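User: I'd like to learn how to read this model step by step. Could you take me through its features, giving the general idea each time?

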Amino acid sequence: MKSSVIVFPGSNCDRDIAVALEKFQIKNEMVWHDETNLPKSDLVVLPGGFAYGDYLRTGCIASKSKIINDVVKHAKKGALVLGICNGFQILIESGLLPGVLLRNKNLRFLSKNVFLKVVNMENKFCLKYKKKNIIELPIAHNEGNYFANEDLLKNLEDKNLIAFKYCNEQGLVNKISNPNGSSNNIAGILNNEKNILGMMPHPERLIDPLLSGEDGSIMFESLFKSH
Amino acid sequence: MKKEVLDPQGKVVNQTLKNMGYQNITNVRQGKYFEIEINESNKDKAKIIAEDICKKLLTNTVIEDYKINLE
């Protein structure tokens, strides 16, 4: 399996995700945002960070970068696209995923571990979570409050396009376990075809016992096995 | 932002618009917009209050200008 990680000015999780991909034998290339063409890629990753200093709106300027046209083309052809944190914001600004990410409800930057329920395990990113569907991953964001109108929320729920929801340690999805005010506790969503995943938590940060956990590894195992 | 103060966000937005093909855009300055409801029927008095708010809280007059529109 081959992957590309897009690097924007202001990306800061690009090398972490590269380490994670390589650990799971996914052959990765870093691609500068100003390139026009992606190398052959089965998976394209938009990493976390603060692309363009979050100017105008988070992810907005990055979504107009040259490389995004080819990312959209790859996505339409069925390649997997993963957007983590700022990458999720970029996917939304590019129109590849619906809804919007607002500022956290408490107006604070949140940096902590949260519990997540893997809601959809029938996609190439999450297949392996069948063995463990209540997981713990770090979040680190200021604009992670997923907002969608009622129609869109209903569509996401009905079509099972919500990949992750914030929950408590027991897997209960409730208000108290919602760190940022997201509609329906949404932490990550898929497109209709389930080849695009956008998520606020950082799987690439928990891929080794030395980093205090391996719940993130399961996503990369899924990706590797899916190919 | 006052004309003489560098506005990096505006510059980036300007450049992005050019990249998107809007070649005739010559400059972009980014600012903030507030909608304030004041419980005051006298327009002049309301404007004085708004001016006061702008000076004391909403703008840093060293680098920013403000404009008030009454409705």
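User: How many residues does each chain bring to the contact between chain A and chain B?

Analyst: Two residues are in contact if their C-beta atoms, placed from the backbone, lie within 7 Å. Here chain B supplies 6 residues and chain A supplies 5 residues. On the side of chain B that touches chain A there are 3 nonpolar, 3 polar and no charged residues; Ala, Val, Leu, Ile, Met, Phe, Trp, Tyr, Cys and Pro count as nonpolar, Asp, Glu, Lys and Arg as charged, and the others, Gly among them, as polar. Keep in mind that this is a predicted model, where local features need pLDDT of at least 70, side-chain atom pairs count only at pLDDT 80 or more, and totals for chains, interfaces and linings use all residues. Residues are numbered from 1 along each chain as its sequence is written, while chains are lettered from A and ligands numbered from 1 in the order in which they are written.

User: How is chain B divided into domains?

Analyst: Domain bounds come from an automatic or database domain assignment. In chain B, domain 1 covers 1–31 and domain 2 covers 32–71. Their C-alpha centres lie 26 Å apart, and 4 residues of domain 1 of chain B are in contact with 4 residues of domain 2 of chain B. The domain 1 side of that contact has 2 nonpolar, 1 polar and 1 charged residues.

User: What secondary structure does chain A have?

Analyst: Helices (H or I, at least four residues) and strands (E, at least two) are DSSP runs, numbered from the N terminus. Chain A has 5 helices and 11 strands.

User: And how much of chain A is buried?

Analyst: A residue is buried if 20 or more other C-beta atoms, placed from the backbone, lie within 10 Å of its own, exposed if 12 or fewer, and partly exposed in between. Of the 227 residues of chain A, 50% are buried.

User: Which residues have the most contacts inside the largest nonpolar core?

Analyst: A nonpolar core is a set of buried Ala, Val, Leu, Ile, Met, Phe, Trp, Tyr and Cys residues joined through C-beta atoms within 7 Å. The largest one has 70 residues, and Ile6(A), Leu116(A) and Ala163(A) have the most contacts inside it. Strand S9 (residues 162–167) of chain A gives the most to this core, 5 residues.

User: Why does Leu190(A) count as buried?

Analyst: Leu190(A) counts as buried because 26 other C-beta atoms lie within 10 Å. Leu190(A) sits in strand S10 (residues 186–190) of chain A. Beyond four places in sequence, its contacts include Asn120(A), Ala163(A) and Leu197(A).
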